[in-house]
Amino acid sequence: MTSGTATGFYELIDATWPAAAFHRAGGFVVRDGKGGGSRVSSASLEVPLSEADPEAAIACHRALGQPVKFQIREGHEALDAMLEARGYECFDPSLVYRAPVVTFPQDIPELAAFPHWPPLAVTREIFEEDGIDAARQAVMARAQGPACVILGRNGDRAAGAAFAACAGREAMIHALTTRPEFRRRGVAGHIMSEAARWAGANGATALNLVVRASNTGAIALYERLGMTLQGRYHYRREIL
């Protein structure tokens, strides 16, 4: 897994939050998400747009029975403009963050967060409360490398959860969520630190994540933890 580059990061997403299947059509990779969200059900451009056939990617989406979505990466401005002209809606502008695992605090309280697999019932309950439903949880089970869920605690109460997975020397955290009544109490930071510790123990040297650009509170936390912006992308979807 190539680290510290946009190409490597997208490979990392596919490895740690994998689609059910990957199809190639018209110079695009079309992901079969099985209801698992945009990251696993969007098409991304692999060749210069002049050599691509977006209609083939659209047809592949429809054959899979899923909404037509394209992931627009940096450098794909021509594809973005073409889809905008066709009336495709822009949504979920997202930012890529990364930091060495040694950056994260290691002195978190005992049992403030702990990794485990398979997910405990309470961990699944926390995910479901935040809309991370069975289809998204099924994505977690498809990761091929080391993987775990992390349960965050506040006192003796289950307060948050996340999924983490490794691909070579890179790790990625997904589906980080904190129950509303426990926000601003350090739960997310403890989960992040435990994810970094777990990743390091499994051979990774860096921890990555994606956050919506609109989530300013989370971004502030990640930057306080020493994570730095690596890139950005968004999606375009067909409006029916």
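Let's start inside the fold, at Thr-177: setting aside neighbours within four places in sequence, this residue is in contact with Ile-126, Phe-127, Asp-130, Ile-132, Gly-160, Ala-161 and Ile-191. Keep in mind that we're looking at a predicted model. Thr-177 sits in strand S9, and its relative accessible area is 5%, so it counts as buried. Elsewhere in S9 there's a backbone oddity worth a look: Ala-175, which belongs to this strand, has a phi near 55°, a positive value in a residue other than glycine.

Two of those Thr-177 partners, Ile-126 and Phe-127, take us over to helix H4. H4 covers residues 121-129, and its buried residues are Thr-123, Ile-126 and Phe-127. Looking down the helix axis, you'd find these buried residues within an arc of 100°, so they line one face of H4. What do they pack against? The buried residues of H4 pack against strand S6 (113-116), helix H5 (134-141), S7, S8 and S9. Both ends of this region have something to check in the backbone. Just after H4, Gly-131 takes a positive phi of about 85°. In the loop between S6 and H4 you'll find Pro-118, and the peptide bond leading into it from Trp-117 is cis, with omega near 0°.

S7, S8 and S9 also turn up in the largest nonpolar core, where each supplies at least two residues, as do strand S5 (89-100), helix H6 (187-201), strand S10 (206-212) and helix H7 (216-224). This core has 33 residues, and Met-192 and Leu-207 are the ones with the most contacts inside it. Which element gives the largest share? That's H6, with 8 residues. To get a feel for the packing, try centring your view on Leu-207. Not counting residues up to four places away in sequence, Leu-207 touches Tyr-97, Arg-98, Ala-99, Val-101, Phe-104, Ala-171, Met-172, Ile-173, Met-192, Ala-195, Ala-196 and Met-227. Met-192, the other residue named for its contacts inside the core, is therefore among the direct neighbours of Leu-207, given that contact here means heavy atoms within 4.5 Å.

Now for the open space. The largest pocket holds about 1,300 Å³. Its lining has 43 residues, with Asp-130, Leu-176, Val-211, Asn-215 and Tyr-222 lying nearest the centre. S5, S9, H6, S10, H7 and strand S11 (228-237) are the elements that each give two or more residues to this lining. How does the lining break down by class? There are 18 nonpolar, 14 polar and 11 charged residues. Asp-130, one of the residues nearest the pocket centre, is also one of the contacts of Thr-177, where we came in.

Next, swing round to helix H2, which spans residues 54-64. Here Pro-54, Ala-57, Ile-58, Cys-60 and His-61 are buried. Viewed down the axis of H2, those residues fall within an arc of 160°, so they too line one face of their helix. They pack against strand S1 (21-25), S2, S3, S4 and helix H3 (77-85). Just past the end of H2, Gly-65 takes a positive phi of about 75°.

A little further along is Val-68, in the loop between H2 and strand S4 (69-73). Is this loop residue buried or exposed? Its relative accessibility is 3%, so Val-68 counts as buried. Apart from neighbours within four places in sequence, Val-68 is in contact with Ile-58, His-61, Arg-62, Tyr-88, Arg-236, Arg-237 and Glu-238. Ile-58 and His-61 are among the buried residues of H2. The C-alpha of Val-68 is also 8.2 Å from that of Ala-43, although the two residues are 25 apart along the chain.

For contrast, take Lys-34, in the loop between strand S2 (28-32) and strand S3 (43-45). At 56% relative accessibility, Lys-34 counts as exposed. Its phi is positive, at about 50°, although Lys-34 is not a glycine.

Last stop is an enclosed space. The structure holds 1 cavity of 30 Å³ or more, and the largest cavity has a volume of about 40 Å³. Its lining is made up of Tyr-10, Ile-13, Asp-14, Arg-31, Arg-39, Ser-42, Gln-71 and Arg-73. Helix H1 (6-16) and S4 each give two or more residues to this lining, and the largest share, 3 residues, comes from H1. By class, the cavity lining has 2 nonpolar, 2 polar and 4 charged residues.

How values were computed:
Residues are numbered from 1 along each chain as its sequence is written. This is a predicted model: local features need pLDDT of at least 70, side-chain atom pairs count only at pLDDT 80 or more; totals for chains, interfaces and linings use all residues. Side-chain values use heavy atoms; hydrogens and water are left out. A nonpolar core is a set of buried Ala, Val, Leu, Ile, Met, Phe, Trp, Tyr and Cys residues joined through side-chain atoms within 4.5 Å. Buried means under 20% relative accessible area, exposed over 50%, partly exposed in between (1.4 Å probe, protein chains only). Helices (H or I, at least four residues) and strands (E, at least two) are DSSP runs, numbered from the N terminus. The arc is that of the directions from the helix axis to the C-beta atoms. On a 1 Å grid over the protein atoms alone, a cavity is a set of points where a 1.4 Å probe fits but cannot get out, and a pocket is an open set with protein on both sides within 12 Å along at least five of seven lines; lining residues have an atom within 4 Å of a point. Grid points are joined across faces, edges and corners, and a volume is the space filled by probe spheres set on the points. Ala, Val, Leu, Ile, Met, Phe, Trp, Tyr, Cys and Pro count as nonpolar, Asp, Glu, Lys and Arg as charged, and the others, Gly among them, as polar.
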